[in-house]
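Q: Could you take one close look at the charged side chains and the parts around them, and tell me how they are placed? I would like one connected account rather than a list.

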Amino acid sequence: MIWIIIAGAIALTDLILKHYVDRYVTSDTHKPLFGGKIYLTKVHNKGVAFGALKDKPEKAELAASAGAGAAAACFIHALTSKGSAAEKLGESLIAGGAASNTADRIIEHQVTDYIRPNLFGHESRLTFNLGDFAILSGALLMMADLIRRMIRH
């Protein structure tokens, strides 16, 4: 049950943040947060990751929906089978992020990104959202867990 709560909390939090950004943040905003480590901004991505397929919205929606469906299937499998806590947490993070981005894409026909990192004193040109970070974190966690299990055997 905890894994479903984690996935739901990520999806809900990200959707609330996207709504806030869409309503109160202008596209020219670059507000430094956390001592300038990241910037709050607003970017609408009509494509998939890194703007791919932005000129083909139907294909972007299909690709994103297929990816979210695969994430949901893996999440259900992880919930119903034996597995490590790291694997289940990783699947929860991925499912929550995918659910948020897919809901945003279906409802708004685009995904709102709002976190722009400041890497080594240079503001990145890439912008992300909480769902993106959850997907990346979940994938890295699952890879680390897989490597750990391979080394142990």
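A: A residue is called buried when its relative accessible area is under 20%, exposed when it is over 50%, and partly exposed in between, as found with a 1.4 Å probe on protein chains only. The model is predicted, and for that reason local features need a pLDDT of at least 70 and side-chain atom pairs count only at pLDDT 80 or more, whereas totals for chains, interfaces and linings use all residues. Residues are numbered from 1 along each chain as its sequence is written, and side-chain values use heavy atoms, with hydrogens and water left out.

As to confidence, the chain has an average pLDDT of 92, with 100% of the residues scoring at least 70; pLDDT is the predictor's confidence in each residue, on a scale from 0 to 100. Among the elements of the chain, helix 1 has the highest mean pLDDT, 97, and strand 4 (residues 122–123) the lowest, 80. These elements are DSSP runs numbered from the N terminus, helices being H or I with at least four residues and strands being E with at least two.

The structure holds 4 salt bridges, each being a side-chain nitrogen of Lys or Arg within 4 Å of a carboxyl oxygen of Asp or Glu. A good place to start is Lys18, which forms a salt bridge with Asp14, their closest N and O atoms lying 3.0 Å apart. Because they are 4 residues apart in helix 1, Lys18 and Asp14 are separated by about one helical turn. Asp14 is buried, its relative accessible area being 0%, and Lys18 also counts as buried, at 1% relative accessibility.

Lys18 has a further partner, since its side chain also meets that of Asp104 in a salt bridge of 3.8 Å, N to O. Asp104 lies in helix 3 while Lys18 lies in helix 1, so this pair ties together parts that are 86 residues apart in sequence. With a relative accessibility of 5%, Asp104 counts as buried. Just after helix 3 comes His109, which takes a positive phi of about 65°.

Another charged pair is found in helix 4 (residues 130–152), where Asp145 and Arg149 are 4 residues apart and hence separated by about one helical turn. The closest N and O atoms of this salt bridge are 3.2 Å apart. Asp145 is buried at 4% relative accessible area, whereas Arg149 is partly exposed at 32%. Returning to the earlier pairs, Asp14, Lys18 and Asp104 are joined into one network by salt bridges that share partners.

Thr112, in strand 3 (residues 111–119), borders on this network. Leaving aside residues up to four places away in sequence, Thr112 touches Lys18 and Asp104, along with Val21, Asp22, Lys42, Val43, His44 and Asn129, where contact means heavy atoms within 4.5 Å. Thr112 is itself buried, with a relative accessible area of 0%.

Helix 1 also carries residues that are not buried. Tyr20 and Tyr24 both lie in helix 1 (residues 2–24), 4 residues apart, about one turn of the helix. Tyr20 counts as partly exposed, at 44% relative accessibility, and Tyr24, with a relative accessible area of 54%, is exposed.
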